Amino acid sequence: DVGVLVKPGHLEAIGRDGFILRTGDIARPAGPTLRAAADVGSLPGPPDLVVVAVKSCDTANALRGVSSKIPAGTVILCLQNGIGNEAKVQAALPENPVAAGAICISAEALRVGDILWPDDRGGMAVAPYCGDENRIRGVVAPLLATTGLECAWEEGEGAAARVKWSKLMLNVGFNALNSVTGLSSARLLADREYGKFAVLALREAFLVMRRSGIQALDLPGYPVRALGSIVRAPLGLVRKALAWQAARSTESAFSMRQDVLKGRASTEIDELNGVIVRRGREIGVDTPANERLCALIKKHAAAGWPSGGII
C-alpha cells in the first residue's frame, strides 16, 4: 500500500482522474493500493518508509506538518535535489533512520497526477545518512526493487555525500540556465556564451567537490565520473563532448524551469548552485560562474520571471 500526501487543491483532481505514469506512448494508471490524501492522518499507517519528495525550499514546512505523526524508527528517504535536506530531516525526526537518495530520471508533470517519463534511462541511487544502516537497507532495498527502476546502493564512509553531490553535478550546469531561457542542454551548449557559462559552472562545482574530499559516483544512466574528467578539457572540446551526450536527452524543462512555468517565486538555487558558492568560500575556491547564476536567478525570480535571455 502506498499513500501520497498532496496539496489540498490537487486532491480533487487526483480523486477524479487518479495517478497516471506515461512512458513513451504507454499510459499506466496507478493501482488500487495507491491512496492520496491532503492530511497525513488520512493515510494508511504506520508506514514502513516515508519518502520526502518536495522541493528543497519546501522541506522545513513539509516536516512541520507531519513530523509529529511519523512513528520513531520509521525510515525516511530523501529523494530530493540539492544538499542539506537530510540534515533538516534528522533535526526534525532525530529518532528516525534517514537515507539519502538521488532520482535520476527526466520526469515532468503534464498536469496534476499525470506524470511523463519520456524514456527508460536512469534510476535511483540510495545511501544511508544516519541511524541503523541495516534497518535502512532492510526496508528501502526490497521496496525499491519492486519499482522497475534501476536502483544502486552505495555504502561506506561518505556514501550519502557521494550520492547527493554526484546528483548535484547533473544540475549545476544546466538547471538554472534552462529555467530562464527555456533552452535544452543541447541548445545551451550550441550557443557560445551559454555553453561557456555552463561549462565554467561545472568546472567550479567539480573542483569544489574534489577539494572537499568527495568522490564522484556514477549514477544510473549518468556517467558522472567521466563528466568530471571531461570538463577539465579546453572549453571548445568540452562543449562538443557534452553536446553528444545532451543530444540523447528528451528533457526540455528541468526541475527549476518547471517552477518558473508554474510561477513559483522560490526555487532550489540556494540548494544547488548556492551550495557550490558557500562551500567554495569555506575552502578557498573561487566560484564566479555559480555566484553569477545565483544572483541572476534570484533577480529574475524577484522580477516575476521576465522572458528573454540572461547574459
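**Close-ups of a predicted model**

**View 1. Cysteines without partners.** There are 0 disulfides in this structure, which, keep in mind, is a predicted model. Take C104: this residue sits in no disulfide, and the nearest cysteine sulfur, that of C151, is 10 Å away. C104 is also buried, with a relative accessible area of 3%. C294 tells a similar story: its sulfur lies 13 Å from the closest cysteine sulfur, in C57, so the two are too far apart for a bond. At a relative accessible area of 10%, C294 counts as buried.

**View 2. Helix α8 crossing helix α13.** Here we zoom in on α8 (residues 192–211) and α13 (residues 288–302), whose axes come within 7 Å and cross at roughly 115°. On the α8 side, the contact is made by F197, L200, A201, E204 and A205. Facing them from α13 are P288, A289, N290, R292, L293 and L296. Sort the residues of this α8–α13 contact by type and you get 8 nonpolar, 1 polar and 2 charged.

**View 3. A four-stranded open sheet.** Reading across, the 4 strands of this open sheet run in the order β3-β2-β9-β8, and the pairing is mixed. β3 (26–29) and β8 (108–111) are the edge strands, each pairing on one side only. On average, neighbouring strands in this sheet are turned by 30° against each other, ignoring direction.

**View 4. The β2–β3 pair.** Strand β2 (residues 20–23) pairs with β3 in the antiparallel sense, over 4 bridges. Look for T23, which stands opposite I26 in β3.

Terms used. Residues are numbered from 1 along each chain as its sequence is written. This is a predicted model: local features need pLDDT of at least 70, side-chain atom pairs count only at pLDDT 80 or more; totals for chains, interfaces and linings use all residues. Side-chain values use heavy atoms; hydrogens and water are left out. A disulfide is a pair of cysteine sulfur atoms within 2.5 Å. Buried means under 20% relative accessible area, exposed over 50%, partly exposed in between (1.4 Å probe, protein chains only). Axes are lines fitted to C-alpha atoms, for helices over the stretch in contact, and angles run from 0 to 180 degrees between N-to-C directions. Helices (H or I, at least four residues) and strands (E, at least two) are DSSP runs, numbered from the N terminus. Contact means heavy atoms within 4.5 Å. Ala, Val, Leu, Ile, Met, Phe, Trp, Tyr, Cys and Pro count as nonpolar, Asp, Glu, Lys and Arg as charged, and the others, Gly among them, as polar. Two strands pair if DSSP finds at least two bridges between them.
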